[in-house]
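Here are some worked exercises to go through with the model open beside you. Try each task before you read its solution.

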Amino acid sequence: MLSRLRRASGYSKAKSLLDNPPKSREETTKAAESMLASRKWQVRNVGVKLIGKAALEEFLPRLRGMVTDRREAGIIKRNAAEVLGARGRRDSETVRALVAALRDPYWEVRSQSALALWHLCRPEDGVDEPLYELLFGSKHSEVLGRPVIYVDEYLREKSFEVRGCAAQALGGVGRGERAFRALVALTTDDKWLVRNQAAVALAEFAAREREFYRSALGWVERLDVVCDGSISIFPIRESVNHLTSLLRSGEPDQAQIRGLYLQLMAGWHRRG
Amino acid sequence: MFHLIYRLFYDPDNILRLLRLFRYISVRSIGAGITAFLVCLIVGPRLIRRLKRVGAVDQAWDYGVLDVTAKRGTPTMGGILILIGALGSGLLWCNVANEFVWLCMLAGLWFGLLGSLDDLLKIRRASGVKGLSRGVKYLAQIMFGIAIAGIYLIPDLSPVSHKIAGSLYLPFVKFPVLELGLAYVFIIVIFTVMSSNCVNITDGMDGLAIVPAVLTALVLGIFAYVLGREDYSAYLHYAYLPGAGELTVLCSALLGAGVGFLWFNAYPASIFMGDAGSLALGGMLGTMAILIKQEVVFFIAGGVFVMEAASSFIQDYIGLRLLGRRIFYRAPLHFSFLHRGTGESKIAVRFWIIAAVFAAGAVATMKLR
């Protein structure tokens, strides 16, 4: 085991350990520990992936620290956020770390943190405020209080990927009028990928908050479905068709709606 | 072959006087282009069927961006079609005794063989990443670069005069900026490796690499024609390269073969060029640029290749390896646009437009001196 760990000091060795993890949990834990202690960020990154792959929960506090560490490599923070979303617990420390990561300068960390919040949190956790701030800046209360929101004028977030992931997160954790207005604003985004995510999020939100149901259906039906991401048909048209039929049924299945999200981080052709 | 027929049988006193047509580069260029195009159209469907039958199909690998499974099973090694069209037509219409021509054909064969070997290994191992190792590819490219440099810089073998061979010419400047002599070997080797790999990196979408390659061939063909004529080169203050005009015929053949290949490679592609095509195209075009002393013009005309290679380099070496983060959403650049939601065919057409602008810019350097 020790010889394996020694070999794991290099990136390629670490990578081979990730591909063929040790059989016992104890050995995997030691390997992950060794990797996280490495001075090479590439090796630490493999360590984070190993933690996620082997579901080593004892390392979650370390990942919480990594995801908010400004000196840490962006890819590591992104992967740490992903592992927290997939393996983390819905506790205040994890949520606080992910919320703090929404302010990270690297866009992939922000997107992945928003997705992690969508995976972990519920509306009652109150994580929608940081998402409004992420999207519309510190004056989000004022912006979301306006009767009509022109999203291009008020958006602070420049990365379409982050906007799309934040919309998805709002679909899962958004509450009340402000979440509705934020999502409606995002359905007018220039990027069709964001519009698509916002429309699905709007449906997820409306299925939970029934007072917005009819308005949400109206916004989804009016969605601008012209996009430049044509495969054989416009993917957004496919989403809208599914969404409209689900919402018209009156009792849409939450899992079916969630299945319509596009996996922005993995490729927009893949659905949730 | 037609040039040889003209030389052997031309007689101004009878009907064979018509053979004089084969003396003109312009006539042979048109003939070469049309022949190569028709050869591709005729051979293409048969080759596609054959490649499918023998299982020479794309071994797509997950870039994390594309839905590669949708394209899995498309026949690859379409570079063979380009080489059949270009070299076959070249043999028919070029003066094959011309050193410029056979050196370029040799480049096409060498890089085509290298790429084919890479493709075959990927097919045999059923993996898009288990082809030739990067080291072996670089070694083969460097070996060819050294060979070309040797032929080019040794006075008895070189198709150009010794004084011109070792000089570095830049666009917008009328005279050579440096006399490099033997140090020019390094430039030739680096340029050979870069040119072939640039096209290889760009070849990631239907029709994406072939159109910029065709436009680059067009630009180099124009330059070869000008440099091969004493009057035009003197007027534009270029070094006169006797015999270089013959490359225009080969460029035209390459252009015709490229358009013929695009017939099948346009979205959604029926065949991919594979490394057999991308390395061969890059190698041939790079060798042409070296032979006519227009290395920098190659990078202007093939600006799309430079953009793609630069984005890939910045992402891999500066972003992911050095800084630990992505600089672009994805790399090479066309994957970044795809990730942002733009459709594949739209990206390809936009890159064609950019390639046309670069090509026009490269031709403009001819006069702006």
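**Exercise 1. Work out what share of chain A's contacts between residues at least 6 apart in sequence join residues at least 24 apart.**

Step 1: a contact here means that two C-beta atoms, placed from the backbone, lie within 7 Å. Step 2: keep the pairs at least 6 apart in sequence, and 63% of them turn out to join residues at least 24 apart.

Before going on, note that this is a predicted model, where local features need pLDDT of at least 70, side-chain atom pairs count only at pLDDT 80 or more, and totals for chains, interfaces and linings use all residues. Residues are numbered from 1 along each chain as its sequence is written, and chains are lettered from A and ligands numbered from 1 in the order in which they are written.

**Exercise 2. Describe the overall build of chain A, then of chain B.**

Step 1: count the elements, using DSSP runs numbered from the N terminus (helices are H or I with at least four residues, strands are E with at least two). Chain A has 17 helices and 0 strands. Its radius of gyration is 20 Å, close to the 19 Å from the globule rule for 272 residues, so chain A is as compact as a globular protein of that length. (The radius is taken over C-alpha atoms, and the rule is 2.2 Å times the number of residues to the power 0.38.)

Step 2: do likewise for chain B, which has 15 helices and 2 strands. With a radius of gyration of 20 Å, close to the rule's 21 Å for 369 residues, chain B is as compact as a globular protein of that length.

Step 3: get the spans along the principal axes. The C-alpha trace covers about 65 × 40 × 30 Å in chain A and about 65 × 45 × 35 Å in chain B.

Step 4: check burial (buried means 20 or more other C-beta atoms within 10 Å of a residue's own, exposed means 12 or fewer, partly exposed is in between, with C-beta atoms placed from the backbone). That gives 50% buried for chain A and 52% for chain B.

**Exercise 3. Is G74(A) buried or exposed, and what does it touch?**

Step 1: place G74(A) in helix α6 (residues 74–87) of chain A. Step 2: count 20 other C-beta atoms within 10 Å, so G74(A) is buried. Step 3: leave out residues up to four places away in sequence, and the contacts are Y106(A), E108(A), V109(A), G324(B) and R325(B).

**Exercise 4. Find how α4(A) and α6(A) pack.**

Step 1: fit the axes to C-alpha atoms over the stretch in contact, and take angles from 0 to 180 degrees between N-to-C directions. Helix α4 (residues 41–54) of chain A meets α6(A) at about 10°, with the axes 9 Å apart. Step 2: name the arrangement (under 35 degrees is roughly parallel, over 145 roughly antiparallel, 65 to 115 roughly perpendicular, the rest oblique). The two helices are therefore roughly parallel. Step 3: look at who meets whom: W41(A) and V48(A) are among the α4(A) residues involved, and I75(A) and V83(A) among those of α6(A).

**Exercise 5. Examine α3(B): how many of its residues are buried, and how does it pack against α11(B)?**

Step 1: α3 (residues 79–93) of chain B has 15 residues and reaches 21 Å from its first C-alpha to its last, close to the expected 21 Å (1.5 Å times one less than the number of residues). Step 2: 11 of the 15 residues are buried, so α3(B) is largely enclosed by the rest of the structure. Its cover includes α1 (2–9), α2 (25–53) and α4 (99–124) of chain B. Step 3: G88(B), also in this helix, is partly exposed, with 18 other C-beta atoms within 10 Å. Step 4: α3(B) and α11(B) pack at about 45° with axes 6 Å apart, which makes α3(B) oblique to α11(B).

**Exercise 6. Where in chain B are H237(B) and K293(B), and are they buried or exposed?**

Step 1: H237(B) sits in the loop between α9 (230–235) and α10, with phi near 60°, a positive value in a residue other than glycine. Having 10 C-beta neighbours inside 10 Å, H237(B) counts as exposed. Step 2: K293(B) is in the loop between α11 and α12 (295–301), and its phi is also near 60°. With 23 such neighbours inside 10 Å, K293(B) counts as buried.
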